[in-house]
Amino acid sequence: MKTFHLWSLIVILFSLLGCQQNSALSDDLNSKKDLEGFVEPEPSDWVKYTNPIKEYMYHRTQAVINNDINILWERYPELKENIDSKKGINVEKNEVESLNQGFNLVDANYNIESYERIKVNAINDNEVIVLVHGSIVYLTDDYEESGGEYLMKVFLKQNDNQWTVVKTDDYRLHEYKEWLQEKNK
């Protein structure tokens, strides 16, 4: 009888061990995890994060093309607060000013995933940070192009089941180089 209970216990233990997640498999599944805790969103969540980012990029490019930061700030008033050019925080006004010096911009194209898919770091149920590695290209009135790659964190907050941009953090050149170096390790 003791032998039967011992074998039953062993079978139950092996069964339970089989139900545990394999750590090698778990590491493989998390291989898409970024150093800062960002992960690719589930396909079902992808739209809920990309749509507010695309809307933000639309207003951002319209502000630059029209040389009017208020186009962006009217939609996202939080972006006019806590501007820090050295850290890249809410620097859209700088972009509007610098890109309109000596250029007459007439159009823009952006792709929020031209370099890689977005990644998300959930702070809580109502706040997330989205890592966006994309491109913006502005067209001048003489059909020359200006712009290129960008890497930024976009802070989203959910109010009334709608996500909105409350802060942006553009990677500065040294931050981008550090990020790229860590990513390529």
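**Reading the sheet, the cores and two unusual residues**

Reply: Four strands of this predicted model make up an open sheet, ordered S1-S2-S3-S4, with antiparallel pairing. S1 and S4 are the edge strands, each pairing on one side only. Averaged over neighbouring strands and ignoring direction, the turn of one against the next is 30 degrees.

Me: What holds the strands of a sheet together?

Reply: Strands of a sheet pair through backbone hydrogen bonds, and the pairing is either parallel or antiparallel. Here, S2 and S3 run antiparallel and are joined by 13 bridges. To find one of them, start at Ile136, whose bridge partner in S3 is Gly148.

Me: Which strands does H3 touch when it packs on the sheet?

Reply: H3 touches S1, S2, S3 and S4, and its direction makes about 145 degrees with that of S1. H5 also packs on the sheet and touches S1, S2, S3 and S4. The direction of H5 makes about 5 degrees with that of S2.

Me: Where do nonpolar side chains tend to be in soluble globular proteins?

Reply: They tend to be buried together. In this model the largest nonpolar core has 30 residues. Tyr49, Ile53, Tyr56, Val130, Val132, Tyr138 and Leu156 have the most contacts inside this core. At least two core residues come from each of helices H3 (43–65), H4 (70–75) and H5 (92–99), and likewise from each of strands S1 (105–124), S2 (127–140), S3 (145–159) and S4 (162–170). H3 gives the largest share, seven residues.

Me: Which residues is Val130 in contact with, leaving aside its neighbours within four places in sequence?

Reply: The contacts of Val130 are Phe38, Tyr49, Ile53, Ile118, Lys119, Val120, Met152, Lys153, Val154 and Leu156. Phe38 belongs to a second, separate core of eight residues, which also includes Ile129, Leu151 and Tyr171.

Me: What sign does phi have in most residues other than glycine?

Reply: Most of them have a negative phi. Asn90 is not a glycine, yet has a positive phi of about 50 degrees. Asp160, also not a glycine, has a positive phi of about 50 degrees.

Me: Where is Asn90 found, and is Asn90 buried or exposed?

Reply: Look in the loop between H4 and H5 for Asn90. Its relative accessible area is 3%, so Asn90 counts as buried, the cut-off being under 20%.

Me: Where is Asp160 found, and is Asp160 buried or exposed?

Reply: Asp160 sits in the loop between S3 and S4. With a relative accessible area of 79%, Asp160 is exposed, the cut-off being over 50%.

How values were computed. Residues are numbered from 1 along each chain as its sequence is written. This is a predicted model: local features need pLDDT of at least 70, side-chain atom pairs count only at pLDDT 80 or more; totals for chains, interfaces and linings use all residues. Side-chain values use heavy atoms; hydrogens and water are left out. A nonpolar core is a set of buried Ala, Val, Leu, Ile, Met, Phe, Trp, Tyr and Cys residues joined through side-chain atoms within 4.5 Å. Buried means under 20% relative accessible area, exposed over 50%, partly exposed in between (1.4 Å probe, protein chains only). Contact means heavy atoms within 4.5 Å. Two strands pair if DSSP finds at least two bridges between them. Axes are lines fitted to C-alpha atoms, for helices over the stretch in contact, and angles run from 0 to 180 degrees between N-to-C directions.
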